Every structure is written in structure tokens, then in C-alpha cells.
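Please write a short report on this structure for someone who has not seen it before. Keep the sentences brief.

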Amino acid sequence: MERGEYAEVRDQRHDFHTSLTEIRMNAQTGSLEVTIRVFSDDFQRALENAYPEEEIDLNNAGLESLVERYIKKKFAFVKEKEVIFGKYLGKEVESDVSWLYIELKSPERLKGYSLLNTLFLELFDDQNNIVNIIYPDKKETLLFNKVLKTHPYPF
């Protein structure tokens with residue numbers, strides 16, 4: 001997709017601002033696999049806002065370090081002053097939706113931690129971030145927004 005095409009997508013504003021995250025326990029590897037789905041135009045805008053000195057093109061492989069920095073500021077497990085980040089694995093960009101991938105080894109160490117999810121809260125007052133956590137056979141859904149930025153990690 002050409003840079004101008006993102007401008008066209010950005011001009012087609014959507015009525016709601018929501019990200020959807022799935023955190024799934026992989027029993028074979030013993031790790032948490034995190035998939036975050038965001039609107040590409042919101043993602044573009046967030047990166048441009050966070051790094052105004054940079055030329056932002058979501059398809060540019062050289063952008064990965066900026067994406068990782070942004071994600072680490074906005075999505076983490078916290079306990080007082082301790083912070084655990086997942087390993088950023090990469091992204092897939094489509095015209096309207098982008099997928100971000102993170103892996104977290106040793107999820108048992110997250111007991112007593114809270115999940116922080118402030119993706120795009122700096123941009124939109126109506127931003128909601130939904131997180132579905134599937135941990136072997138249990139499921140929990142958490143909602144994050146301007147008021148609720150953290151939730152205790154349930155497993």
C-alpha cells in the first residue's frame with residue numbers, strides 16, 4: 001500500500017475506536033501468545049503522534065523498532081514498579097486492520113501482576129481496548145478505557 005492510500009483510509013473515519021486483543025496460553029510451548037488487532041488508520045495516527053520526527057509507513061520493515069517501543073509503553077504487565085513486557089514478534093498490515101504479535105514466556109510469573117493496556121488512549125476519548133484471555137480451558141474478558149487502564153491479571 002502506498003503512503004497516499006493510508007491518507008485515504010485515515011480520511012474515512014470510523015465511528016468507534018476499539019482494539020481487540022487475544023491472549024492465549026500455548027500448552028505446547030508454555031508461553032502466552034498475544035495477538036492485538038487495531039484499526040490501521042488509528043495505528044498510523046498513534047505512531048505519527050508518538051514519533052512526529054519520523055516518516056511513518058506501516059509497511060516499512062524499518063518501522064519495527066518504533067512499533068516495539070510504542071507497544072512497550074502501552075501494553076505490559078505491571079506490579080508496583082516492576083514491569084514485564086512480552087517479546088514483540090512483528091506485525092501484519094492490511095488496509096483497514098493491523099495485527100501485532102507478542103509472546104510472553106513463563107506466564108506463571110504473572111501472578112499478582114496487573115495488565116496495562118493504554119493503546120490509543122492518548123488519541124481518542126472513546127477508545128476501548130478489549131482483551132480476551134484464554135488460559136487452557138478458562139476465559140476472561142477485560143475492558144480497558146480512559147478510566148480503566150489496568151486490570152489484575154486473572155490467571
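The report below covers the sheet, the helices on it, the core and two unusual backbone angles.

**The sheet**

This is a predicted model. It holds an open sheet of six strands with mixed pairing, in the order β5-β6-β2-β1-β8-β9. β5 (87-93) and β9 stand at the edges. Each has a single partner strand, so one side of each is left without a neighbour in the sheet. Neighbouring strands are turned by 15° against each other on average, direction ignored.

Three antiparallel pairs can be set side by side.

| Strand pair | Sense | Bridges |
|---|---|---|
| β1 (18-26) and β2 | antiparallel | seven bridges |
| β2 and β6 | antiparallel | eight bridges |
| β8 and β9 | antiparallel | seven bridges |

Individual partners can be named too. Arginine 24 stands opposite glutamate 33 in β2. Isoleucine 36 has leucine 100, in β6, as its bridge partner. Tyrosine 135 faces lysine 138 in β9.

β1 and β2 also form a hairpin, with four residues between them. Glycine 30 lies in the turn and has a positive phi of about 75°.

**Helices on the sheet**

α2 lies across β2, β5 and β6. Its direction is at about 95° to β2. α3 packs on the sheet as well, where it touches β5 and β6. The direction of α3 makes about 115° with that of β5.

**The core**

The largest nonpolar core has 37 residues. Ile23, Leu47, Phe77 and Phe120 have the most contacts inside it. Several elements each supply at least two residues of this core, among them β2 (31-39), α2 (40-50), α3 (64-74) and β6 (97-104). β3, β8 and β9 (138-144) do so too.

What does leucine 47 touch, leaving aside residues up to four places away in sequence? Its contacts are Ile56, Leu58, Leu63, Leu66, Val67 and Tyr70.

**Two positive phi angles outside glycine**

Glutamate 80 is not a glycine, yet it has a positive phi of about 55°. It sits in the loop between β3 (75-79) and β4 (82-84). Phenylalanine 120 is not a glycine either, and its phi is positive at about 65°. Its place is the loop between β7 (114-117) and β8 (128-135).

Is each of these residues buried or exposed? Glutamate 80 has a relative accessible area of 81%, so it is exposed, as this is over 50%. Phenylalanine 120 is buried, because its value of 2% is under 20%. Phe120 is also one of the residues with the most contacts inside the largest nonpolar core.

Conventions. Residues are numbered from 1 along each chain as its sequence is written. This is a predicted model: local features need pLDDT of at least 70, side-chain atom pairs count only at pLDDT 80 or more; totals for chains, interfaces and linings use all residues. Side-chain values use heavy atoms; hydrogens and water are left out. Buried means under 20% relative accessible area, exposed over 50%, partly exposed in between (1.4 Å probe, protein chains only). A nonpolar core is a set of buried Ala, Val, Leu, Ile, Met, Phe, Trp, Tyr and Cys residues joined through side-chain atoms within 4.5 Å. Contact means heavy atoms within 4.5 Å. Two strands pair if DSSP finds at least two bridges between them. Axes are lines fitted to C-alpha atoms, for helices over the stretch in contact, and angles run from 0 to 180 degrees between N-to-C directions.
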